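Trainee: I should like to request a close look at a single part of this structure. Please treat the sheet and its central strand in detail, and then place that part in the context of the chain.

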Amino acid sequence: NRVNITEHTDDGLEGGYILKIDKSTGDYNCGNCYDESFSFRSKYDTSGSLSEQSQIYFIYDYPKPEEISENQKNYIKSMIFDFETALLSEDDIYIDNLIDINSFVDFMIINELTKNPDGFRLSTYMHKDLNGKIKMGPIWDFNLAFGNVDYCDGANPQGWIHNFNDICPGDLWQVPFWWKSLMNRDIFRSSLKSRWNQLRTSTLSESSLNNLIDSYVNYLSTNKTVDQNFSKWPILGQYIWPNYFVGSSYQEEIEFLKNWLNQRIEWMDNEISSIN
């Protein structure tokens, strides 16, 4: 109920949709398998080539797999196919007619800023309202972000995480070709640069982010939540998979977070400023 899309009242097409790229979970948890009861396979592989063996699957999230009709399945599958096909064309207007580019830009920024190794390939949601464009989000699952991971270069404050396939090509869950394709398009690159520069003077300035972290620390400390947490789970100074940094105190963990984030922002500033 938190995603602003039109509710379906029957099995017709007059409503919104939510899809996700993710592992199979809950009632549909069958390990690494996917089937047509709750998902469908992309017609393109991670290089953007037509393939009947694509590694990318889309899971129906709304309507739920047990409720979605065949007509609705065919409709949303067609929309995704049209979008992916458009990405491989040279027509920016075609793409702009199908997707909300601003939502794709914001989705990239938040996953790249945090260098989320699950971003783009797992816990990746998208939605489409009645007569609307495909939008990315809501965002979800950042427990391995902010340098909190010791594999696939996740702790390095440099490097694009949407290039995950090049970094960890053997991982079962890979990033769709979308993001590399978008980064090669002027319409997306200019929107990314403009949005990043706007956010860096406000929400994503160093002072704003550090003040935000400090406000959380103050709130949690004042309410004794920090003490309660590490009393219940005495893990400070211990490696918990897949930690990259193991601080001996809560304050050391906070300082690592701040320093890592500042280094990440500096790297992204340099990269995005060089976009033509």
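Mentor: What follows starts from the sheet, proceeds to one strand within it, and ends with the disulfide and the chain as a whole.

The model is a predicted one, in which local features need pLDDT of at least 70 and side-chain atom pairs count only at pLDDT 80 or more, while totals for chains, interfaces and linings use all residues. Residues are numbered from 1 along each chain as its sequence is written, and side-chain values use heavy atoms, with hydrogens and water left out.

The chain contains nine helices and five strands; helices (H or I, at least four residues) and strands (E, at least two) are DSSP runs, numbered from the N terminus. Their succession along the sequence is β-β-β-α-α-α-β-β-α-α-α-α-α-α. An open sheet of five strands has the order S2-S3-S1-S4-S5, and its pairing is antiparallel; two strands pair if DSSP finds at least two bridges between them. At the edges lie strand S2 (39-41) and S5, each of which pairs on one side only. On average, neighbouring strands of this sheet are turned by 30 degrees against each other, direction ignored. Such angles run from 0 to 180 degrees between N-to-C directions, with axes being lines fitted to C-alpha atoms, for helices over the stretch in contact.

S2 is joined to S3 by three bridges, and the two run antiparallel. Phe40 has Phe58 as its bridge partner in S3. Helix H3 (residues 101-113) packs on the sheet, where it touches S4 and S5, and its direction makes about 20 degrees with that of S5; contact here means heavy atoms within 4.5 Å.

Strand S1 (residues 17-21) merits the closest attention. Five bridges join S1 to strand S4 (residues 124-128) in an antiparallel arrangement, and S1 also pairs in the antiparallel sense with strand S3 (residues 57-62) over three bridges. Leu19 takes part in both pairings: its bridge partner in S4 is Met126, and its bridge partner in S3 is Tyr60. Five of the five residues of S1 are buried, so the strand is largely enclosed by the rest of the structure. Buried means under 20% relative accessible area, exposed over 50%, and partly exposed in between (1.4 Å probe, protein chains only). In a regular strand the side chains alternate between the two faces of the sheet. Both faces of S1 are covered, with Tyr17, Leu19 and Ile21 buried on one side and Ile18 and Lys20 buried on the other.

Outside the sheet, a search of the whole structure finds one disulfide, a term for a pair of cysteine sulfur atoms within 2.5 Å. This disulfide joins Cys152 to Cys168, with an S to S distance of 1.8 Å. The pair links distant parts of the chain, 16 residues apart: Cys152 is in the loop between strand S5 (134-136) and helix H4 (164-167), and Cys168 is in the loop between H4 and helix H5 (178-183). The torsion about the S-S bond is about -115 degrees, so the disulfide is left-handed. Cys152 is buried, at a relative accessible area of 15%, and Cys168 is buried too, at 14%.

As for the chain, 43% of its 276 residues count as buried. Among contacts between residues at least 6 apart in sequence, 68% join residues at least 24 apart. The C-alpha atoms fill a box of roughly 55 × 45 × 35 Å, taken along the principal axes.
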